Amino acid sequence: MPKILHTARYVDEPWRILKSVTPNGFEVKTLDEPTHECLVHEASDADYFLVSGRLTIDEEVLSVAKKLKMIQRTGVGIEMLDKESIKARNIPVYVNAGVNARSVAEHALTLMLSCLKRITIIDKQVRNGIWKKQITGVSCHELYGKTVGLVGMGAIGRLVAGYLKCFGAKVLYTDLFRQSDSQEKELGTSFVKSFEELLPQVDILSFHCPLTDTNKGFFNEDAIALMKDGAIVVNTARGKLIDDGALCKALQSGKLRAAGLDVHYEEPMPANDPLKNLDNVILSPHIAGLSFESFHTMMEDAIKNIVAFESGNLDSIKDKILKW
């Protein structure tokens with residue numbers, strides 16, 4: 001019976017969902033502990049890796065995984081994969097691009113609105129008996145008429161752009177690849193050639209790009225200096241795109257009005273992370289891509305790819321294979 005090793009640890013409802021979409025004839029195993037040592041121990045008899053979480057699929061893991069046929073990502077990020085070691089063994093990697101795009105896009109929009117409307121601050125005030133209707137109300141802002149800059153225009157970015165169009169926001173974007181004229185017209189977006197050119201124009205900056213060697217920490221002190229005073233930053237992409245120290249300083253000084261962060265430089269966030277102490281920061285634990293609906297679809301589609309691979313039906317999943 002082929003063994004599918006889930007390379008993180010699921011319990012309760014997530015584990016129930018994963019088991020429910022795994023067909024008879026396959027064994028699925030989640031880690032007893034979310035540690036690299038446990039991963040190495042379980043990898044020795046695994047036919048397939050179902051990769052989630054942040055444990056690295058590195059040379060040590062691969063060297064013991066003698067039976068490994070294929071690696072399937074639950075999402076799309078691949079920073080936990082040791083590219084060279086995997087390629088050296090000719091192990092195919094499959095991803096389901098866009099599988100959780102709608103969930104991420106909705107979360108990004110939620111963070112934008114929550115920052116503009118100061119939802120977390122006002123909720124806390126009301127719970128503490130503070131009821132200052134007019135003063136509180138005029139401290140909030142509308143999304144209508146704001147200029148939103150999207151860094152990245154993949155599946156998620158396009159959904160966010162569509163949502164923003166409905167709100168009457170002006171949407172600019174920058175990406176290595178420009179959308180077609182017809183796509184830009186449909187989404188109501190305008191292309192900006194560079195990140196640096198985008199920054200001074202936007203009221204809200206939202207990240208929807210992958211993390212690469214060239215963009216790590218590229219939203220730094222110099223980038224922030226180019227932005228409007230009082231701008232808002234939203235990140236549902238990868239935490240290491242942002243220099244946390246520079247961001248924290250800008251939020252404390254008022255250079256930036258607020259930030260909505262689903263992803264973080266270090267995950268889980270350290271207990272002493274200064275961003276936790278700022279009222280103008282809204283935090284979530286890297287869950288933008290996880291709703292009940294998206295999680296079920298992610299697990300189901302991932303397992304379908306593994307079943308197709310095991311049965312030799314490679315044509316049905318040829319568009320899912322990762323091209324390094």
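This report describes a parallel sheet, the helices that pack on it and one pocket in a predicted model.

**The sheet**

Five strands, in the order β2-β1-β3-β4-β5, make up an open sheet with parallel pairing. Strands β2 (27–30) and β5 (93–94) are at the edges with a single partner strand each, so one side of each has no neighbour in the sheet. In general, strands of a sheet pair through backbone hydrogen bonds. Two of the pairings are set out below.

| Strand pair | Sense | Bridges | Residues opposite each other |
|---|---|---|---|
| β1 and β3 | parallel | 3 | Ile4 and Tyr48 |
| β3 and β4 | parallel | 4 | Val51 and Arg73 |

Strand β1 spans residues 3–6, and β3 spans residues 48–51. Strand β4 (residues 70–73) is covered on both faces: Met70 and Gln72 are buried on one side, while Ile71 and Arg73 are buried on the other. In a regular strand, side chains alternate between the two faces of the sheet.

**Helices on the sheet**

Helix α1 (residues 12–20) packs on the sheet and touches β1, β2 and β3. The direction of α1 makes about 160° with that of β2. Helix α2 (residues 36–43) also lies across β1, β2 and β3, and runs at about 175° to β1.

**The second largest pocket**

The second largest pocket holds about 220 Å³ of space. Its lining divides into 6 charged, 3 polar and 2 nonpolar residues. Among the lining residues are Arg54, Glu79, Arg238, Lys240, Glu266 and Glu267. The lining also includes Leu211, Gly239, His264, Tyr265 and His286.

Definitions and conventions
Residues numbered from 1 in each chain as written. Predicted model: local features only at pLDDT ≥ 70, side-chain atom pairs only at ≥ 80, totals over all residues. Heavy atoms only, no water. Pairing = 2+ DSSP bridges. Helix = DSSP H or I, 4+ residues; strand = E, 2+ residues; numbered from the N terminus. Contact = heavy atoms within 4.5 Å. Axes fitted to C-alpha atoms, helices over the stretch in contact; angles between N-to-C directions. 1 Å grid on protein atoms, 1.4 Å probe; cavity = no way out; pocket = protein on both sides within 12 Å on 5 of 7 lines; lining within 4 Å. Points joined across faces, edges and corners; volume = space filled by probe spheres on them. Nonpolar A, V, L, I, M, F, W, Y, C, P; charged D, E, K, R; others polar. Buried < 20%, exposed > 50% of the residue type's maximum accessible area, 1.4 Å probe, protein only.
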